[in-house]
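Student: I should like to study this structure through questions and answers. Could the sequence and the model be shown to me before we begin?

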Amino acid sequence: MKLKLNRYIVSLAAICMTTQPLFAAVTLPPEDQAEARGLAIAVESDRRNIGFHDTESDMKMILTNQSGAVSTREIRFSTLENKNADDGDWNLMVFDEPRDVAGTAMLTYAHILEADEQWMYLPALKRVKRISSVNKSGPFMGSEFAYEDFSSQEVGKFSYRWLRDEACGDRVCHVSERKPLYEHSGYTRTISWVDTTDYQARKIEYYDRKDTLLKTLTFDDYRLYLDKYWRPHDMFMVNHVTKKTTNLQWTDIRFQTGLDAKDFSKNSLKRAR
Amino acid sequence: MVSTPHRQTIYLTFLTGLSLAMACNTGKASEFEFEGEIEGEWRHFFNEAQSSTSHDDFTSASALLELGIYSDDGTHALIAKPFARADSHDENRSHADLREAKYRFVEDDFELTLGLDKIFWGVTEFAHIVDIINQTDNVESTDGEQKLGQAMITGSYVTDYGTFSAFFMPTFRPRNFSSTDGRPFPGLTIDNDNETYEASRGEDAGDIAFRYAHSWSVIDLGLAYFDGTSRDPIISLANMQNGKVIPHYPLREQISIDAQATLGPWLLKLEALHQDESNETSERVVAGFEYSFYGIFASSTDLGIVMEYLWDERGDEAPHPFADDLGLGLRWTANDIQSTTLLAGAIIDLEYESLAISLEAERRLNNSLKLSLEARIQDQIDPQERLLYAVKDEDFARLRLTYYF
């Protein structure tokens, strides 16, 4: 999903920061050191997102089944960057559609390898419920996205191996394999195509627990914010087994709107609307 | 029904005036929101009614609106949620209630609300014993999950060491009961207008409550104190007047704990309280677990198991039938586009082996329409379980179609 910042290897990130001006050519480890090269690509993608502080955005989710029937969901997202280098970001989702779940909200404190902390607010009962975050591989809102596709993609959650560089559309991409290190993933591995100049993902292939190709996600319509932060506005997931698709359309992405920790508490979850 | 419309009206008028004054004072742009739901309902009772004037089938319609005005910076909010139902046969079930009508002020870590509101406390599924702020809207559903709006002034302060809240409730709302024509009918009619109180000031008792809540890693904890009129009335045949039972509301002081440990797929839950009511102290506990199997049988569906033990020191003297009971529940979630869910629950009395079963199914039909089916069945009810025995022939099914906008 949105490649969020992460500061997994603090020292490495620090070196990058001090020796390279932003968006300058990146020196990667040589091709015969595939793991180091794969990790460096992920770290560089991540580094380019450091300092965004907080974002708010609106998302429309368009679900299409095998016979072409369409249903939609609308969700608002708020994200707070975690200043702690060894921990994940905080995330608040509020559902607007379908209408029967309007007002339902989900608060997540992401961690790297430990289980995320997650609370759900059910407006009809006015109940805040702590929920299990084990269900990483389950479908999110009946879509082709799993919960883990939505959670923050911290560098330390995966191991990496660079495979090759190749053309991707009219661009050139680093192709790397990524294996989840956290528990309960539905994937054995993913293969990602990351642009060699802006270090943003253009395509991800997901392989299921039997290591067969399950889904492909493509990213489109990248736009630059604050002259620094790229965000895709269109994502398209195809499930090769069920032939169902899910299209995410992001609108009205706002950076640094003044959110802070108190906007991501159990108490503020009850006020989410 | 609102038993004291006059008092509630004065109170609301005062609040609305105060709120508008405060809201206008900010001089900032506001956002207006309007949404709601309309529901059609059909209930069928499987056995013939005990009362000759009652029926086996009930149709009903209800509406819940939500209106909100929010200041741009989120500091001020005015929120109203009026609810109304019309029932084909039960005059007491045809009722209206302001679920919420409040002004809310938030600044930094402080939150203040004034007006009618609804508060939920607790973690368990089969009973909500620590949840004491709101009165149960007893004609709405038999599970006690629907609540009447409660007038209150609430202050909350969020710190790094937890959230501290204080509640003052100037007026009390008695529980509403079905009419003689309504069902489920417990064999006797309860008077909705002439309740008695232990508190000398009656429904102006001025109840207070405090709560502390915090989360540490896998633990979520709540501690609460309540001092005021009990939400549970004493229903005694000794208190009859004109063929109706007069409910009595004693004073209660209560301390409670609710806690959950979230350990992977395990949710370990505890609610416990100590209460002092009519100079008699007693304890109540609900404790158990929820375990979820995700992606069962290589599908994308989930199965959750809930098991809880319900205990009340008062045993047969408790004003509810769950003094030594085991709750067992299965929740199946299809994770499909329609968010189909099935819920089967059973409460088994460990002493008398009585069985209360509930089945619930839900499915979204389109972006704004949902269908829900529910059945409540009782079996092997022992005559000594007097509260359940009174409604042992009141098994029913309920079908609801809800339109959201």
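Student: Is B:Glu100 buried or exposed?

Tutor: This is a predicted model, in which local features need pLDDT of at least 70, side-chain atom pairs count only at pLDDT 80 or more, and totals for chains, interfaces and linings use all residues. Residues are numbered from 1 along each chain as its sequence is written, chains are lettered from A and ligands numbered from 1 in the order in which they are written, and side-chain values use heavy atoms, with hydrogens and water left out. Buried means under 20% relative accessible area, exposed over 50%, and partly exposed in between (1.4 Å probe, protein chains only). The relative accessibility of B:Glu100 is 3%, so B:Glu100 counts as buried.

Student: With which side chain does the side chain of B:Glu100 make a polar contact?

Tutor: B:Glu100 belongs to strand 4 of chain B; strands (E, at least two residues) and helices (H or I, at least four) are DSSP runs, numbered from the N terminus. A polar contact is a pair of N or O atoms within 3.5 Å; within protein, one must be able to donate a hydrogen and the other to accept it, and residues adjacent in sequence count only if both atoms are side-chain atoms. At 3.1 Å, the partner of the B:Glu100 side chain is the side chain of A:Lys126.

Student: How many residues does each chain bring to the contact between chain B and chain A?

Tutor: Contact means heavy atoms within 4.5 Å. The contact takes 28 residues from chain A and, from chain B, 48 residues.

Student: How many salt bridges are there between chain B and chain A?

Tutor: A salt bridge is a side-chain nitrogen of Lys or Arg within 4 Å of a carboxyl oxygen of Asp or Glu. One example joins the side chains of A:Arg127 and B:Glu125, at 3.0 Å from N to O. Between chain B and chain A, the count is 9 salt bridges.

Student: How are A:Trp90 and A:Tyr109 arranged as an aromatic pair?

Tutor: Rings of Phe, Tyr and Trp (its six-membered ring) pair if their centres lie within 6.5 Å; planes under 30 degrees apart count as stacked, over 60 as edge-to-face and the rest as tilted. The structure holds 26 aromatic pairs over all chains. In the pair of A:Trp90 and A:Tyr109, the centres are 4.1 Å apart and the planes differ by 15 degrees, an arrangement that is stacked.

Student: How many residues apart in sequence are the parts that this pair ties together?

Tutor: A:Trp90 is partly exposed at 22% relative accessibility, whereas A:Tyr109 is buried at 14%. A:Trp90 lies in strand 3 of chain A and A:Tyr109 in strand 4 of chain A, so the parts tied together are 19 residues apart.

Student: Which two residues are joined by a cis peptide bond with omega of about 0 degrees?

Tutor: Most peptide bonds are trans. In chain A, one partner is in the loop between strand 3 (90–97) and strand 4 (105–109), the place of A:Pro98. The cis bond with omega of about 0 degrees joins A:Glu97 and A:Pro98.

Student: What is the phi of A:Asp252?

Tutor: Most residues other than glycine have a negative phi. A:Asp252, in strand 13 (residues 245–255) of chain A, is partly exposed, with a relative accessible area of 47%. The phi of A:Asp252 is positive, near 55 degrees.
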